[in-house]
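Here are my comments on the model you sent round. They go from the chain as a whole to single residues.

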Amino acid sequence: TMKYICQTEAVALYLQKYIVYRKRKISFADGSFTNFIELIIKHKEEKFMLALSEPHKPELPETLAKLKLQFSPVILARTVAADLNELDIKKFDLLALYSPSDVKAILERFPAEELPAVATFGEGTLRAAVDAGIKVKAMAPTPTVPSMAKAVDIYLTKLAKGEQIEDVAVTHDADKEEFIRTQQHKLAKKSRTRRTTPAEKK
C-alpha cells in the first residue's frame, strides 16, 4: 500500500533494486521544486515520511508545513567533514563549495577573510556562504549559467580582462514564493468546501 514520490525519474528507477516496481505506486517529478510539490499535493490526504540528509535544505519541510500536510522528517544520512588541518588554503585561487555542509566545514578550519575567491553551487549553498560572511564571486546554476564549470569559466574570463567582479547577492525566488501561496490558497479553499458541503445537504 506504500506510495513513493521521487524528485527525479533516476531515483524512481533506482527503487527497482529494492522493491517490486510494478506493485507499487511510484510518481516522479522533473527535478524542479514546484513539480515535486505538485506531485505531493496530489496525495495530500496521505501521511508522508520525508527522507532527508543532514544537513539539508529547509525549504521542503518548511513548505510541507505551510501546506499543512501530515509528514514526519527522517534523517537517513549525515555528512561528515574530512580533516582539513593539513590543507594550505593560500595555495588556491578559487574555492568551489557545493553544499551548506561544505561552507560549515571550511569555516570550522579557516576564517572567512582568509579564503580565496569562492564559487557556490545551489541557492542553499549561496545563502549559507553569504550568511557566514563569505564573499561569493561566482554561482551556479542559473538560467544563463547552468553548471559550475560555466560559472568558473565566466569568472576567469572577467578576471583575465581585469573587470570588476561584484559579489553574488542572495535573491528571493518570487515565482517559487507565489507558487507556495497559490497552493496554500487552493488547499484552504478545498478544506472549506469539504466542511460546508455536509451542512448544505442538511
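The numbered points below take the overall form before the local detail.

1. Status of the model. This is a predicted model, and the values quoted here are computed from its atoms. Local features are discussed where pLDDT is at least 70, and side-chain atom pairs where pLDDT is 80 or more.

2. Secondary structure. The chain holds seven helices and seven strands. Read from the N terminus, their order is β-α-β-α-β-α-β-β-α-β-α-β-α-α. The chain is more spread out than a compact globule, because its radius of gyration is 21 Å, well over the 17 Å that the globule rule gives for 202 residues.

3. Extent and contacts. Along the principal axes, the C-alpha atoms fill a box of roughly 75 × 35 × 30 Å. Of the 202 residues, 28% are buried. If one takes the contacts between residues at least 6 apart in sequence, 47% of them join residues at least 24 apart.

4. Surface and charge. The chain has an accessible surface of about 13900 Å², and carbon and sulfur atoms account for 53% of that area. There are 33 positive and 27 negative charges, and the mean positions of the two sets lie 13 Å apart.

5. Thr 63. This residue sits in helix H3, which spans residues 59-66. Is Thr 63 buried or exposed? Its relative accessible area is 3%, under the 20% cut-off, so Thr 63 counts as buried. Beyond its neighbours within four places in sequence, Thr 63 is in contact with Phe 33, Ile 37 and Ile 180.

6. Lys 68. The loop between H3 and strand S4 (70-78) contains Lys 68. Phi of Lys 68 is near 60°, a positive value in a residue other than glycine. Lys 68 counts as exposed because its relative accessibility is 75%, over the 50% cut-off.

7. Helix H4. In H4 (residues 100-109), the buried residues are Ser 101, Val 103, Ala 105 and Ile 106. These buried residues pack against strand S5 (94-97) and against H5.

8. Thr 125. Helix H5 covers residues 123-131 and includes Thr 125. With 2% relative accessibility, Thr 125 is buried. Which backbone atom does the side chain of Thr 125 reach? It is the backbone nitrogen of Ser 99, at 3.3 Å. With neighbours within four places in sequence set aside, the contacts of Thr 125 are Leu 97, Tyr 98, Ser 99, Pro 100, Val 103 and Thr 120. Val 103 is also one of the buried residues of H4.

9. Ala 128. This residue is in helix H5 as well, but Ala 128 is partly exposed, at 23% relative accessibility. Outside its neighbours within four places in sequence, Ala 128 is in contact with Pro 100 and Val 103. Ile 26 is 102 residues from Ala 128 in sequence, and the C-alpha atoms of the two are 33 Å apart in space.

10. Pro 141. The peptide bond from Ala 140 to Pro 141 is cis, and its omega is near -10°. Pro 141 belongs to the loop between strand S7 (136-140) and helix H6 (148-160).

Note on methods
Residues are numbered from 1 along each chain as its sequence is written. Side-chain values use heavy atoms; hydrogens and water are left out. Helices (H or I, at least four residues) and strands (E, at least two) are DSSP runs, numbered from the N terminus. Buried means under 20% relative accessible area, exposed over 50%, partly exposed in between (1.4 Å probe, protein chains only). Contact means heavy atoms within 4.5 Å. The radius of gyration is taken over C-alpha atoms; the globule rule is 2.2 Å times the number of residues to the power 0.38. Accessible areas come from the Shrake-Rupley method with a 1.4 Å probe; for residues, only the protein chains shown count as cover. Lys and Arg count as positive and Asp and Glu as negative; His and the chain ends are not counted. The place of a charge is taken as NZ of Lys, CZ of Arg, CG of Asp or CD of Glu. A polar contact is a pair of N or O atoms within 3.5 Å; within protein, one must be able to donate a hydrogen and the other to accept it, and residues adjacent in sequence count only if both atoms are side-chain atoms.
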